[in-house]
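Thanks for coming. I have one model to go through, and I will start with the ligand site before turning to the rest of the chain.

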Amino acid sequence: MPMKLAVCVSGRGSNLVALLEALRGSKEAQVALVLSNRPDAPALDRAREWGVPAESLRSYRDGSEWLERLRRHQVDLVVLAGYLKLVPPEVIRAYRGLILNVHPALLPAFGGPGMYGHHVHQAVLASGAAQSGATVHLVDEEYDRGPILAQGRVPVLPGDTPESLAARVLEVEHRLLPEAVLRAARAGHPVPLADPLESPA
Ligand code: GRF
């Protein structure tokens, strides 16, 4: 049986599409549900275009509503792909070690509350860092704090803007997240990745 995924989204959905493309025809994993805290999230339209059930939460803080939806779709693994809210503690407990997130920076730096989208890349540029990248990590009760499973690095180039850096990091995200999901499907649960991009120290 393929591992059933719920992909949680708040915005555009480019990581969702990268995952759907990587899992096209896969017998190992399939996206069974796309879930959003926003009924107008463009990512929900992407899900519908791929024929995947797309739902928005009446209340994103309501753990019992989450669990009812996840269980109705028999979800094994939860993937946060541009989901900007904290996951309720009941869901963390029910899916401990089975929730992944992709973050557009090299955690543990440039993570935490308020560190999303262009805010992250602005902070990286302001810090003068020579490298940035993406991180896939396990999700716990706090933003961006769970154990790191994989990272991919990119150079910060002279003249970079938050937009140009974000675009370079997004390319890595679109490879790293599907790889982490496929490895989890093969192992039956998320595993640290020895990734050609970079593995955690
Ligand atoms: C990505 O950069 C992701 O790392 C971050 O939010 C962005 C979402 O992009 N958490 P998209 O909606 O997947 O295009």
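**Ligand site, a salt bridge and one loop**

A backbone N or O atom of Val102 lies 3.4 Å from an oxygen atom of the ligand. Keep in mind that this is a predicted model. Another backbone contact comes from Gly13, where an N or O atom is 2.8 Å from a ligand oxygen. From Glu173 the contact is made by the side chain: a polar atom there sits 2.6 Å from an oxygen atom of the ligand.

How much of the ligand's accessible area does the protein cover? On its own the ligand has 360 Å² of accessible area, and the protein covers 88% of that. The space that the ligand takes is the largest pocket.

Now the elements around the site. Helix H1, residues 14-22, strand S5, residues 99-103, and helix H6, residues 162-187, are the elements that each give two or more residues to the shell around the ligand. Going through the shell by residue, the ligand is surrounded by Arg12, Gly13, Ser14 and Asn15, then Gly82, then Val102, His103 and Pro104, and finally Leu170 and Glu173. By class, these shell residues divide into 3 nonpolar, 5 polar and 2 charged.

Next, salt bridges. Searching the whole structure gives 12 of them. I will show one: the side chains of Glu55 and Arg72 meet in a salt bridge, with an N to O distance of 3.4 Å. Glu55 belongs to strand S3, residues 54-56, and Arg72 to helix H3, residues 63-72, so this pair ties together parts that are 17 residues apart in sequence.

Last, the loop between S5 and H5, with two backbone details. As background, most peptide bonds are trans, and most residues other than glycine have a negative phi. Which form does the peptide bond from Leu107 to Pro108 take? That bond is cis, and its omega is near 10 degrees. Pro108 is placed in the loop between S5 and helix H5, the helix being residues 118-127. Phe110 also lies in the loop between S5 and H5. Its phi is near 60 degrees, which is a positive value in a residue other than glycine.

To go back to the site for a moment: strand S5 is one of the elements giving two or more residues to the ligand shell, and the loop with Pro108 runs between S5 and H5. That is what I have for today.

Definitions and conventions:
Residues numbered from 1 in each chain as written. Predicted model: local features only at pLDDT ≥ 70, side-chain atom pairs only at ≥ 80, totals over all residues. Heavy atoms only, no water. Near = heavy atom within 4 Å. Polar contact = N/O pair within 3.5 Å; in protein donor to acceptor, adjacent residues only side chain to side chain. Areas by Shrake-Rupley, 256 points an atom, 1.4 Å probe, with all protein chains shown as cover. 1 Å grid on protein atoms, 1.4 Å probe; cavity = no way out; pocket = protein on both sides within 12 Å on 5 of 7 lines; lining within 4 Å. Sits in = over half its atoms within 2 Å of the grid points. Helix = DSSP H or I, 4+ residues; strand = E, 2+ residues; numbered from the N terminus. Nonpolar A, V, L, I, M, F, W, Y, C, P; charged D, E, K, R; others polar. Salt bridge = Lys/Arg side-chain N within 4 Å of Asp/Glu carboxyl O.
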